[in-house]
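Subject: Handing over a structure

Dear colleague,

I am passing on the structure below, and I would be glad if you kept it open while reading the notes that follow it.

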Amino acid sequence: MTFIKDSVFFTDQEKSENFSLRTQFAEHLEFDLVKDKFTVTPSDAYYSLSQSIRDKLVRSWLRTQQKYKEEDVKRVYYLSLEFLMGRLLGNALINLDFYDECYNILKEDGYNLENVRELEPDMGLGNGGLGRLAACFLDSMATLGLPAFGYGIRYEYGIFKQEIENGYQAEKPDHWLSYGNPWEVMRRELTYRVKYYGNVVTESDAKGNLKFKWINTQDVLAVAYDIPVPGYHNDTVNNLRLWAAKSTHEFSFEEFNSGNYMAAVESKNISENISKVLYPNDTITSGKFLRLRQQYFFVSATLQDIIRKYKINHKNYDKFAEKTAIQLNDTHPVIAIPELMRILIDEENLSWVDAWKITTNTFGYTNHTVVPEALEEWAVPIMETLLPRHLQIIYEINRRFLQEVRKTYTTDERIISELSIVKEGPSKTIRMSNLAIVGSNSINGVAELHTEILKTIIFPHFYKMYPEKFKNVTNGITPRRWLKKCNPLLSGIIIDKIGDGWVKNLDELKGLEKYTEDNDFRDYWKSSKWLNKNLLIRYIEKEQNVKINPDSIFDVQVKRFHEYKRQLLNVFHVITLYNRMKAEPNKDYVPRTVIFGGKAAPAYFMAKLVIKLINSVGDVINNDPDVKDRLKVIFLKNYGVSLAEKIIPATDLSEQISTAGFEASGTGNMKFALNGALTIGTMDGANVEMLEEVGKDNIFIFGLLADEVLKLKNNNYNPRMYYEENPELKNVVDMLQNDFFNRNEPGIFRPFTDALLNVDYYCMMADYASYIKTQDEVSMLYSNSGEWTKKSILNVARMGKFSSDRSIMEYARKIWKVSPVAAK
């Protein structure tokens, strides 16, 4: 293919001859950073190498987008408030197969590629599993050649940088964009106006039809920044478009000249706060306003952009739903439903009936929670103030929907109240999940158990009304990042035995099963784990003053802190082991290193207190001479994607111990198992399907089932009974009550004991004995190195189902109705 031949565009051959990676690297150093070989720094090397790799993507990036436009294909738009992308350089090198070439280029200049990669900050666009799933899905969409686009917010600051001060979490700014982002391209021409506040007036058109106008608004500009998303070893490069907020009024000379310097830039600062930080504190009213402004900001800009692209090939909206699939990743983007209705009715002059048909045929909704209090609701006064026209549209959607309910389903007012989008009461709210169900053609859960809970417990009446809407698509992870990239030692061993076809077809890992009795292969497998553990030890010992035994079980729980994830139960096991060692110090124990990591929401008191407890327990145990190297407790601060890539390959035991019925799916469980860790977990989320895949003999399952949790709670659950009947549990609880781990801060852990003895909402006391017994089985098995390694191999071999490629193929087939497009 030939582009215009001038100083910018070249034929493919000329591009290859004149712009080798080595040449591009040198030219970026010289012409962009103005550095020579005497002044260049490692940071310069990272930035120039990243820009050089981005250059290599540009030709395919342009061709891919042009192909989608020329063939007028149906496109998928994935809307997510989070994209936890991690570092992009290593992933791009894997997908483009440039790793060795870049390694050699840097080596010639005296740099180590791995050290240079460490200089890249994690993109601060997400917090937990929701954002990491979105990133995996983008990778899979590109690898499968699907015409798909991600849309989100270009946060200037991530959620926060986590520090630990006196054992407590301290939140610091995460300014990941301090030194720019070499991967992004600012699209100045793609700037859209987003409206807030104001009021709505009505008038009649020439035909007497009532028209609505949203006037006197306060406006913000949304500016597009694009990031390339390359597929694995193909020519597809899809697009992640992020929106940055810019003020319509940069500066007030009048205020400045009068000496009011703060007021001179106040309007600009207020406007641009929208894309300043991920998840502002919404426990205060101003935080709630800002969060809704964020959600509408990226939704409004995205829909304007989607419509712009659609209009390139179409003069009317007859084929909009046929050419457009919009997937709402959780409830955060659900305001898109009334926004599309507003655009179609108020700006494009469609009738309500036609607009609603297009809207409902366009949207799909992915639910990510079964925790009722996490189902997003917005106070009517906030929405009425911020988005008055949208509230009108929501009321009308609800009126028509409830009319349908009464006509076709029930006249029971209790059920109607439950189904209503508007939650009546002293504090009237809008239920965004109900709006999503009514306004979408598909509602999917993210694990089989999760979907069943949605259908039978969370949304039973919606399911009875619309059974065809409810689907399951079990989550998955990309094997490119979560095995090939993060664990080169293990992936190298696998490739030597069965080739690299598994990188694009994870089912091919099944070929490993025949090597479980091969002693040489088992030795290689064990060696890779031991080496990965030593790499992690090197990192930990550099960060903390602690010595770790590489032959200990690396027992790991790294994830967002929440009470239902039960990091506290893990701590109780640690204290139980400690008590046993103190009681019988000369007994033989299987050594353990228990590693925690994760962030707690700044306003989540109990979750933050668990972090303090972990550090307090660690301070005691790690400095007790009786324990020696048989038990260590480590908290790794500022957990994120890049730290996960160090921890996961080194893990022996993966803790997936949420209360059954509370975890939607989880993807950390899949990442650990794919890297050879064995799982200890409840029958919750995707653990259920992992058990089915790996076999009950190759996973450690404990605790109550989801229906047993409900039954227990419905039958006057008495947690104190478990405390009184189990001496080891009583001892642990008493130690917290008696300030054993916090002599200098008496009483700080009393909220745990009060909650556990009197309520225990997440059934920790009921599951304790089963958990401890299963942990003893873990220790026993770990003593048999051969059997442990065999089960480790089988876990990896049977992870084929949990590829995000499989997930995306199911979305494409069941929900989006889209097909791959060859980029060339």
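I begin with strand S11, which is joined to strand S15 (residues 442-445) by three bridges, the two running parallel; strands here are DSSP runs of type E with at least two residues, helices are DSSP runs of type H or I with at least four residues, and both are numbered from the N terminus. Two strands are said to pair if DSSP finds at least two bridges between them. Please keep in mind that this is a predicted model, in which local features need pLDDT of at least 70 and side-chain atom pairs count only at pLDDT 80 or more, while totals for chains, interfaces and linings use all residues. Residues are numbered from 1 along each chain as its sequence is written, and side-chain values use heavy atoms, with hydrogens and water left out.

Within this pairing, Thr366 of S11 stands opposite Asn444 in S15. Strand S10 (residues 324-329) is also joined to S11, by four bridges and again in parallel, and there Asn329 stands opposite Thr366. Strand S11 (residues 363-366) is covered on both faces, with Phe363 and Tyr365 buried on one side and Gly364 and Thr366 buried on the other; buried means under 20% relative accessible area, exposed means over 50%, and partly exposed lies in between, using a 1.4 Å probe and protein chains only.

Next comes helix H13 (residues 336-347), whose twelve residues should span 16 Å at 1.5 Å a residue, and whose end C-alpha atoms, 15 Å apart, agree with this; the expected span is 1.5 Å times one less than the number of residues. Because eleven of its twelve residues are buried, H13 is largely enclosed by the rest of the structure. Among those buried residues are Ile337, Glu339, Arg342 and Asp346. Just after H13, Asn349 takes a positive phi of about 60 degrees.

Elsewhere, six strands form an open sheet with parallel pairing, in the order S19-S18-S17-S20-S21-S22. Its edge strands are S19 (631-636) and S22 (700-701), each of which pairs on one side only. Strand S18 (residues 592-597) pairs with S19 in the parallel sense over six bridges, and Ile595 stands opposite Ile634 in S19.

Finally, Arg154 is found in the loop between strand S2 (148-153) and strand S3 (161-165), and it counts as buried because its relative accessibility is 15%.

With best wishes
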